[in-house]
Amino acid sequence: MSIRLGDTAPNFQANTSIGEIDFYDYLGDSWGVLFSHPADYTPVCTTELGRTAALKGEFEKRNVKVLALSVDSAESHKGWISDINETQNTSVEFPIIADPDRTVANLYDMIHPNASETLTVRSLFVISPDKKVKLTITYPASTGRNFNEVLRVIDSLQLTANYSVATPADWKDGEDVIVVNSIKTEDIPAKFPKGHQVIKPYLRTTPQPNK
């Protein structure tokens, strides 16, 4: 099953490092990040989970709940978490799904047979409060994810969900944004009173409206 943008994220029940969970119940009304790891006790994954734990405050500020997945057991996860906390100088508090039968991995198409027939690739999904998939990113096992980019995209998704804007290349929170083309130029001042600039008829910018 292929997960595409705009699809409803499939619900599931699973055993995790903190006990049994229902995915939808765990997310509640929050945004969610679900991301997979090839295996426990692997070096790149150790740094990724440590980095995610270190960014706990940044995810909480954005009302985002994090959930990781590996095909190893919950007991294996618990031992690995101890290593992550020690080596990355952090405290992993978010759950790690135990998926030894690959139920969730297959549900979210996390196993790419031409890369590995048994281990997940580094899949990441951002899910909105209405349980829609808003972002998918897939990295190979050899490349650790850029979590600053994950936060940047969440900022963009949350902004553009509430305002008629889009974010340009390399945009960061606080920078100017693009007024979507469905807004007529003559209507921009009423919608965006901070001002705007017309670069081309199809390219109009305005200060970030929620700052």
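**Loop residues, helix faces and the largest pocket**

With a relative accessible area of 40%, N63 is partly exposed, since that value lies between the 20% below which a residue is buried and the 50% above which a residue is exposed. The model is a predicted one. N63 occurs in the loop that joins α3 to β4. Its phi angle is near 55°, a positive value in a residue other than glycine. A second residue with a positive phi angle is Y41, for which the value is again near 55° and the residue is again not a glycine. Y41 is placed in the loop between β3 (31–36) and α2. Because its relative accessibility is 46%, Y41 counts as partly exposed. Along the chain, Y41 and K65 are 24 residues apart, and 23 Å separate their C-alpha atoms.

The chain as a whole contains seven helices and 11 strands. Its C-alpha trace spans about 60 × 35 × 30 Å along the principal axes. Of the 211 residues in the chain, 45% are buried. The chain is divided into two domains, with domain 1 covering residues 7–151 and domain 2 covering residues 163–206. Taken over C-alpha atoms, the centres of domain 1 and domain 2 are 34 Å apart.

The largest pocket holds about 170 Å³ of space. Its lining consists of Y26, T52, A53, K56, F59, E60, V64, K65, V66, S91, E93 and F94. Three elements, α2 (43–54), α3 (56–61) and β4 (64–70), each give two or more residues to this lining. By residue class, the lining of the largest pocket comprises six nonpolar, two polar and four charged residues. K65, whose C-alpha atom is 23 Å from that of Y41, is one of the lining residues.

Helix α2 was examined for length and burial. It has 12 residues, which at 1.5 Å a residue should span 16 Å; the C-alpha atoms at its ends are 17 Å apart, in agreement with the expected span. The buried residues in α2 are C45, T46, E48, L49, G50, T52 and A53. Two of these buried residues, T52 and A53, are also among the residues that line the largest pocket.

Helix α4 (residues 74–88) was treated in the same way. Its 15 residues should span 21 Å at 1.5 Å a residue, and this agrees with the 20 Å between its end C-alpha atoms. In α4, the residues A74, S76, H77, W80, I81 and I84 are buried. These residues lie on the same side of α4, because the arc that they cover around the axis is only 140°. An α-helix has 3.6 residues a turn, so residues three or four places apart point the same way. The other side of α4 carries the exposed residues E75 and E86.

Several pairs of residues that are separated along the chain were compared by the distance between their C-alpha atoms. G19 is placed in strand β2 (residues 19–22). With a relative accessible area of 21%, G19 is partly exposed, given that the buried class ends at 20%. G19 and A98 are 79 residues apart in sequence, and their C-alpha atoms are 9.7 Å apart in space.

K131 belongs to the loop between β6 (122–127) and β7 (133–139). At a relative accessible area of 12%, K131 is buried. The partner considered for K131 is G28, 103 residues away along the chain, with a C-alpha separation of 9.5 Å.

Q158 is a residue of helix α6 (residues 147–162). Its relative accessible area is 17%, and Q158 is therefore buried. In sequence, Q158 and W31 are 127 residues apart; in space, the distance between their C-alpha atoms is 9.2 Å.

Notes. Residues numbered from 1 in each chain as written. Predicted model: local features only at pLDDT ≥ 70, side-chain atom pairs only at ≥ 80, totals over all residues. Heavy atoms only, no water. Domains from an automatic or database assignment. 1 Å grid on protein atoms, 1.4 Å probe; cavity = no way out; pocket = protein on both sides within 12 Å on 5 of 7 lines; lining within 4 Å. Points joined across faces, edges and corners; volume = space filled by probe spheres on them. Helix = DSSP H or I, 4+ residues; strand = E, 2+ residues; numbered from the N terminus. Nonpolar A, V, L, I, M, F, W, Y, C, P; charged D, E, K, R; others polar. Expected span 1.5 Å × (residues − 1). Buried < 20%, exposed > 50% of the residue type's maximum accessible area, 1.4 Å probe, protein only. Arc of directions from axis to C-beta.
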